[in-house]
Amino acid sequence: MKRIFIFLLALFVCIAPLCASAETGTPLPSGTWEQFGGALFFALSSDITLDVESAVAFGLTWPDVLEGATLRKGTLLSEEQFLWLWPQLPVGLALSSEPGASVESEGKTPVLTKFKLTGEWYYNDAGVLCYDAGEGYRTLTVDEVFAALDGSSAQRAENQKKVYFTFDDAPSKYTMELLSALDALDVKATFFVVGAYVKAHPVFLRAIYDFGHVIGNHSYSHNQSTLQESTASCIADFKKCQNRVNEALGFEYPMTVARVPYGSSTLSAQSKRALESLGYLWIDWNALNGDAEAGIDTYDEAYEYAIDTASHCSGDVVLLMHDGKQKTINMLPDLVQYFRENGYEFAVVTTDITEKIDGVRMGFPAQ
């Protein structure tokens with residue numbers, strides 16, 4: 001009789017855990033969902049030690065997962081295993097969580113906006129970069145954040161037109177006012193600088209760089225005769241501008257874009273090829289605000305001129321304006337609003353442009 005009792009007791013100890021629920025004290029998990037071979041797995045970011053009953057029951061079904069009574073950091077749990085351990089977690093979260101979704105925080109998903117990420121970035125125990133938007137919001141992985149930010153731009157068509165704000169004849173006595181306006185509007189531009197003006201305003205040249213704008217070569221002299229004298233004279237003038245920029249910045253700036261004073265028709269074909277052989281992308285424009293034109297005297301006239309010429313562009317807009325013009329600085333808020341409301345993306349001129357822009361005379365660096 002005693003032997004039978006011992007046998008039944010042993011049988012009970014073995015069978016009872018099979019009916020045990022993970023609600024018996026299994027710690028809540030920390031980790032991320034990952035996708036492998038089309039299936040979702042939960043990657044633990046820290047060790048989880050199960051109570052004895054849960055460990056026995058779990059081990060009978062999945063003997064190769066546990067190490068003693070511990071699920072080690074980095075263990076990949078299937079959805080079935082995850083739900084067996086933590087049935088109290090929302091089933092919808094467990095079954096529908098996307099790869100990379102963290103369960104460290106079950107708050108609502110924050111609405112993310114570019115340039116307004118005021119939360120905290122940190123690496124979790126699994127080495128995943130995460131973003132904490134604050135109390136009441138769930139933690140997001142970097143992939144989720146990037147997807148959300150890209151989503152705001154993905155709402156636009158892939159062929160969204162670009163507008164390039166370009167300012168010739170920089171720097172000037174009004175450069176700081178122009179930089180202030182662009183900074184307030186969150187717009188980056190391309191400044192085509194004149195070497196002689198850089199010599200006069202080296203601090204302003206440095207400010208253009210420090211505020212993240214692109215610096216392009218607009219020759220040293222801005223003198224048509226010098227540029228047309230010969231190819232050697234032309235190239236020497238552009239190189240002199242490059243040297244003056246380097247001196248003002250205190251290092252060799254990779255100046256790879258150029259604009260010829262008065263437009264590329266100023267130069268011979270040989271001189272333009274020489275610029276290309278030096279690695280320059282030279283570029284004209286297909287729209288302008290007329291701030292250097294006779295008869296364009298007021299803010300309203302410059303604004304209307306810019307809108308009118310831009311409206312004739314079939315694709316991207318390369319807009320010519322000038323540093324040192326008060327009416328241009330004053331019209332920028334309305335001009336930026338116009339392009340944003342019409343779905344344009346603001347861009348800067350770099351050698352990343354590898355295809356000709358409609359209506360713009362341009363030449364590409366020699367390969």
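This briefing describes a small sheet, a buried glutamate and a pocket in a predicted model. Residues are numbered from 1 along each chain as its sequence is written. Because the model is predicted, local features need pLDDT of at least 70 and side-chain atom pairs count only at pLDDT 80 or more, while totals for chains, interfaces and linings use all residues; side-chain values use heavy atoms, without hydrogens and water.

**Sheet**
- Three strands form an open sheet in the order β6-β7-β8, with antiparallel pairing; strands are DSSP runs (E, at least two residues) numbered from the N terminus, and two strands pair if DSSP finds at least two bridges between them.
- β6 (120–123) and β8 (140–141) are the edge strands, each pairing on one side only.
- β6 is joined to β7 (residues 129–132) by 4 bridges in the antiparallel sense, and E120 has D132 in β7 as its bridge partner.

**E144**
- Helix α5 (residues 142–154) contains E144; helices are DSSP runs of H or I, at least four residues.
- E144 counts as buried because its relative accessibility is 16%, where buried means under 20% relative accessible area (1.4 Å probe, protein chains only).
- The C-alpha atoms of E144 and Y131 are 9.1 Å apart, with the two residues 13 apart along the chain.

**Second largest pocket**
- Of the 15 residues lining the second largest pocket, D168, Y262, A292, L320 and H322 are the closest to its centre.
- β9 (162–170) and β15 (317–322) each contribute at least two residues to the lining of this pocket.

Key. Buried < 20%, exposed > 50% of the residue type's maximum accessible area, 1.4 Å probe, protein only. 1 Å grid on protein atoms, 1.4 Å probe; cavity = no way out; pocket = protein on both sides within 12 Å on 5 of 7 lines; lining within 4 Å. Points joined across faces, edges and corners; volume = space filled by probe spheres on them.
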